[in-house]
Amino acid sequence: MIEAKGWVTAQVGERYAGHNRVLGVIASLLVGLVLLDVYLLPPQSPWGLYVVLATLALAGLLLLTRRLLPDGQLKASLELVLLLVYLVFVCWCTGRTDSPFVSAIYLVLMATSLTLGRRITYLMAGLAVASYSLLAAGESPALWSHIPGYLIRVFPFILIAHVGAILAGETEAARAEVERLSLTDDLTDFNNMRSFESLALQQEKVARRYRTPFAICMLDADNLKQINDRYGHLAGTELIKWTARVIRSNIRESDIAARFGGDEFIIMYTDHDKEQIRPAVERIVRAMSACPFSYDGNLIECTLSAGIASFPWDGDDLKSVVKQADLAMYRSKRLGKNRVSLAESERDQRAEGEKLQVRGEKLRGSVAQLDGERTGIHLGKRELPR
């Protein structure tokens, strides 16, 4: 259940920080080459002084943008435009279209494609073509008077921009897939615990800020070992997948579910305490008990034990609430399994024990009888009771 949550994925600012470091290296190399050219081959005109002044202006503007603007698309775009303008001016001073620095414009286009995406890359390519046309304006005869020759000169700008944009798209897709795999349990397609912890800690901050509750539910399959022993470990794997399907079908999109490990799962319900989400967890327990899964021609039954704790009553942070929910889940197992327990005192839990029976009794009265004829189980999304 990995969703497109921006604060789960790698932060955009961190990626642009890396891009900006690369741009800093590119700018340093270009400036160094230009100054080396001015030093070794000083022109017989004041253009050398103008190039030095332009270099100092570029350095000042880059330093200003890095101090005033945060890492991001705007900053990277502005720096690349400054580099392109600087290169065009240097080319104008050192031979225009015959300048040895014309090819450096390709480097700016490639850097744009790898950092700013396809749309801005094409805009930068158009700007590069316009700049090259400006450099050719003073030639005699004008370069565009010979259309085929002009197209051959400017086509590499468009080609490099297009190829770079394609490569950047493939790289971004691969990065997103690697990130998804790093945050997803490959067996259930739920969040793994790394992803769950990131999501849950953010929700904890929200709960503290607005003084709202959240509940943690721990669920564990009751008879995984028996199924493994009788049908083999592949059947146990199918049990874990089936449990994930039952959980997914009975929670909201806003709930955060993860595979805790083995056959144990964890769910975070935001804006609800343990009493409010208890019917929703009972629905999961009931669905699991009433819906056996098929494996190798056999219908295999399994039940769940669940425990619920909520913030701030059962703990003052996420870790302590998870611990209390885990203890409540093991209390369900001690009381006979196939039931839901709340994080509370042992005496109160024993008093609730009979109400929480699934087999042979009703589950809190409002849940249908499960022995005998099986009741229909809703496997679609529902809203929790408010």
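Me: In this structure, are Phe214 and Phe311 buried or exposed?
Reply: Happy to start there, with the reminder that this is a predicted model. Buried stands for under 20% relative accessible area. Phe214 falls in that class, and Phe311 does too, so the word for both is buried.

Me: How are the rings of Phe214 and Phe311 arranged as an aromatic pair?
Reply: A pair of aromatic rings is described by the distance of the centres and the angle of the planes. For Phe214 and Phe311 the centres are 4.9 Å apart and the planes differ by 5°. Planes under 30 degrees apart count as stacked, so this pair is stacked.

Me: Which strands hold Phe214 and Phe311, and how many residues apart in sequence are the parts that the pair ties together?
Reply: Phe214 belongs to strand β1, residues 214–221, and Phe311 to strand β6, residues 304–311. The pair therefore links parts of the chain whose separation in sequence is 97 residues.

Me: What kind of peptide bond joins Phe311 and Pro312?
Reply: Most residues other than glycine have a negative phi, and most peptide bonds are trans. Here omega is about 5° for the bond between Phe311 and Pro312. Pro312 sits in the loop between β6 and α10 (318–334). The bond that joins Phe311 to Pro312 is cis.

Me: Which backbone nitrogen does the side chain of Ser310 reach?
Reply: Ser310 is in strand β6 and counts as buried, at 1% relative accessibility. Among its contacts beyond four places in sequence are Phe214, Asp273 and Lys274. At 3.5 Å, its side chain reaches the backbone nitrogen of Lys274.

Me: Which helix gives the most residues to the largest nonpolar core?
Reply: The largest nonpolar core has 40 residues, and Val34, Leu58, Leu80, Leu83, Tyr86 and Phe157 touch the most other members. At least two residues of this core come from each of α1 (12–40), α2 (47–68), α3 (73–93), α4 (104–136) and α5 (147–183). With twelve residues, the one that gives the most is α4.

Me: How many residues are in the other core, which lies apart from this one?
Reply: In soluble globular proteins, nonpolar side chains tend to be buried together. The other core includes Ile247, Ile267, Ala287 and Ile300. Its residue count is 35.

Me: Which residues is Leu58 in contact with, leaving aside neighbours within four places in sequence?
Reply: Leu58 is one of the residues that touch the most other members of the largest core. Once its neighbours within four places in sequence are set aside, its contacts are Val31, Leu82, Leu83 and Tyr86.

Me: Why is the pair of Tyr106 and Phe157 called tilted?
Reply: The search of the whole structure gives four aromatic pairs. In the pair of Tyr106 and Phe157, the ring centres are 5.1 Å apart. Planes under 30 degrees apart would be stacked and those over 60 edge-to-face, with the rest tilted. The planes of these two rings make an angle of 55°, so the pair is tilted.

Me: Which of these two residues, Tyr106 or Phe157, is buried?
Reply: Tyr106 lies in helix α4 and Phe157 in helix α5, so their pair ties together parts 51 residues apart in sequence. Both rings belong to one aromatic cluster with Tyr132. Tyr106 has 25% relative accessibility and counts as partly exposed. At a relative accessible area of 0%, the buried residue is Phe157.

Me: How far apart in space are Thr112 and Ala161, C-alpha to C-alpha?
Reply: Thr112 is in helix α4 and is buried at 0% relative accessibility. Its contacts beyond four places in sequence include Leu80 and Met124. Thr112 and Ala161 are 49 residues apart in sequence, and their C-alpha distance is 8.2 Å.

Me: Which residue's ring does Arg96 lie over?
Reply: Arg96 is in the loop between α3 and α4, and at 24% relative accessibility it counts as partly exposed. Its phi is near 55°, a positive value in a residue other than glycine. Arg96 lies 3.7 Å from the ring centre, over the face of Trp92.

Me: What is the phi of Arg211?
Reply: Arg211 is in the loop between α6 (193–210) and β1. With 79% relative accessibility, Arg211 counts as exposed. Its phi is positive, in a residue other than glycine, and is near 55°.

Technical notes:
Residues numbered from 1 in each chain as written. Predicted model: local features only at pLDDT ≥ 70, side-chain atom pairs only at ≥ 80, totals over all residues. Heavy atoms only, no water. Core = buried A, V, L, I, M, F, W, Y, C linked by side-chain atoms within 4.5 Å. Buried < 20%, exposed > 50% of the residue type's maximum accessible area, 1.4 Å probe, protein only. Helix = DSSP H or I, 4+ residues; strand = E, 2+ residues; numbered from the N terminus. Contact = heavy atoms within 4.5 Å. Phe/Tyr/Trp six-rings, centres within 6.5 Å; stacked < 30°, edge-to-face > 60°. Lys NZ or Arg CZ within 6 Å of the ring centre and 35° of its normal. Polar contact = N/O pair within 3.5 Å; in protein donor to acceptor, adjacent residues only side chain to side chain.
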